[in-house]
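Please open the model in your viewer and keep the sequence panel visible. The stops below are arranged as a series of selections, each followed by a description of what is found there.

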Amino acid sequence: VIDPFQKYELHFKLDPSGDDAYVYFAGATTPIQNGQLGVWQTGGLPPGTYSLRLRVVKVDGNYAEYFTPNIA
C-alpha cells in the first residue's frame, strides 16, 4: 500500500539483462491487500532464470519497487 495510490504494475525479465529489459504482464488501478496481484503466464518463454518486479506508483508519479530475482 502506498499513499496516494495510482496503480501497480508487474513486470518480468530474463536474467541477466539490463534494467530496461522488463516486460509488463499485469497491473491495476485498484489497490490490493492480501490478494493476488496477477498471473504470470510462462508458456512460450525460453528456459532460463527470470526476475519479477512490482512497481507501485503514487498519483504524483513517484513509485516504490520490489524485486524477486532468480526464478528458474
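Where is the place of proline 16? Proline 16 is in the loop between E1 and E2, where E labels a strand, a DSSP run of E of at least two residues, numbered from the N terminus (helices are runs of H or I of at least four).

Before proceeding, note that this is a predicted model, in which local features need pLDDT of at least 70, side-chain atom pairs count only at pLDDT 80 or more, and totals for chains, interfaces and linings use all residues. Residues are numbered from 1 along each chain as its sequence is written, and side-chain values use heavy atoms, with hydrogens and water left out.

**The strands**

Select residues 5-15, which form strand E1, together with residues 49-58, which form strand E3. E1 and E3 are antiparallel partners over 10 bridges; two strands are taken to pair if DSSP finds at least two bridges between them. Two positions help to fix the register: lysine 13 stands opposite serine 51 in E3, and leucine 14 has tyrosine 50 in E3 as its bridge partner.

Add residues 23-28, strand E2, which pairs with E1 in the antiparallel sense over five bridges. Here leucine 10 is matched with alanine 26 in E2.

Next, add residues 63-71, strand E4, which runs antiparallel to E3 and is joined to E3 by seven bridges. Within this pair, leucine 52 has threonine 68 in E4 as its bridge partner. The hairpin of E3 and E4 has four residues between the strands, and glycine 61 in this hairpin takes a positive phi near 95°.

Now colour E3 by accessibility. E3 is largely enclosed by the rest of the structure, because seven of its 10 residues are buried; buried means under 20% relative accessible area, exposed over 50%, and partly exposed in between, with a 1.4 Å probe and protein chains only.

**The nonpolar core**

Select Ile2, Tyr8, Leu10, Ala26, Leu54, Val56 and Ala64, the seven residues of the largest nonpolar core. Such a core is a set of buried Ala, Val, Leu, Ile, Met, Phe, Trp, Tyr and Cys residues joined through side-chain atoms within 4.5 Å. E1 and E3 each supply at least two residues of this core. In soluble globular proteins, nonpolar side chains tend to be buried together.

Centre on valine 56. Residues up to four places away in sequence aside, valine 56 touches Ile2, Phe5, Lys7, Tyr8, Asn62, Tyr63, Ala64 and Tyr66, contact being defined as heavy atoms within 4.5 Å.

**Three buried residues: 11, 22 and 53**

Which residue should be selected in the loop between E1 and E2? Tyrosine 22 lies there, and it counts as buried because its relative accessible area is 14%. Measuring tools in the viewer can be applied to the C-alpha atoms of tyrosine 22 and serine 51, which are separated by 8.6 Å although the two residues are 29 residues apart along the chain. Apart from neighbours within four places in sequence, tyrosine 22 is in contact with His11, Phe12, Lys13, Ser51, Leu52, Arg53 and Phe67.

Move to arginine 53, in strand E3. Is arginine 53 buried or exposed? Arginine 53 is buried, at 9% relative accessibility. Its contacts, again leaving aside neighbours within four places in sequence, include Glu9, Asp19, Tyr22 and Glu65.

Histidine 11, in strand E1, is also to be selected. Histidine 11 is buried, with a relative accessible area of 6%. Beyond residues up to four places away in sequence, histidine 11 touches Tyr22, Val23, Tyr24, Phe25, Ser51, Leu52 and Arg53.

**Backbone geometry**

Most residues other than glycine have a negative phi, and most peptide bonds are trans. The following selections should be inspected with this in mind.

- Aspartate 3 and proline 4: a cis peptide bond joins them, with omega about -5°; proline 4 is in the segment before E1.
- Aspartate 15 and proline 16: a cis peptide bond joins these residues, with omega about -10°.
- Asparagine 34: phi is positive, about 55°. Asparagine 34 lies in the loop between E2 and E3 and is exposed, at 87% relative accessible area.
- Asparagine 70: phi is positive, about 60°. Asparagine 70 belongs to strand E4 and is exposed, at 61% relative accessible area.
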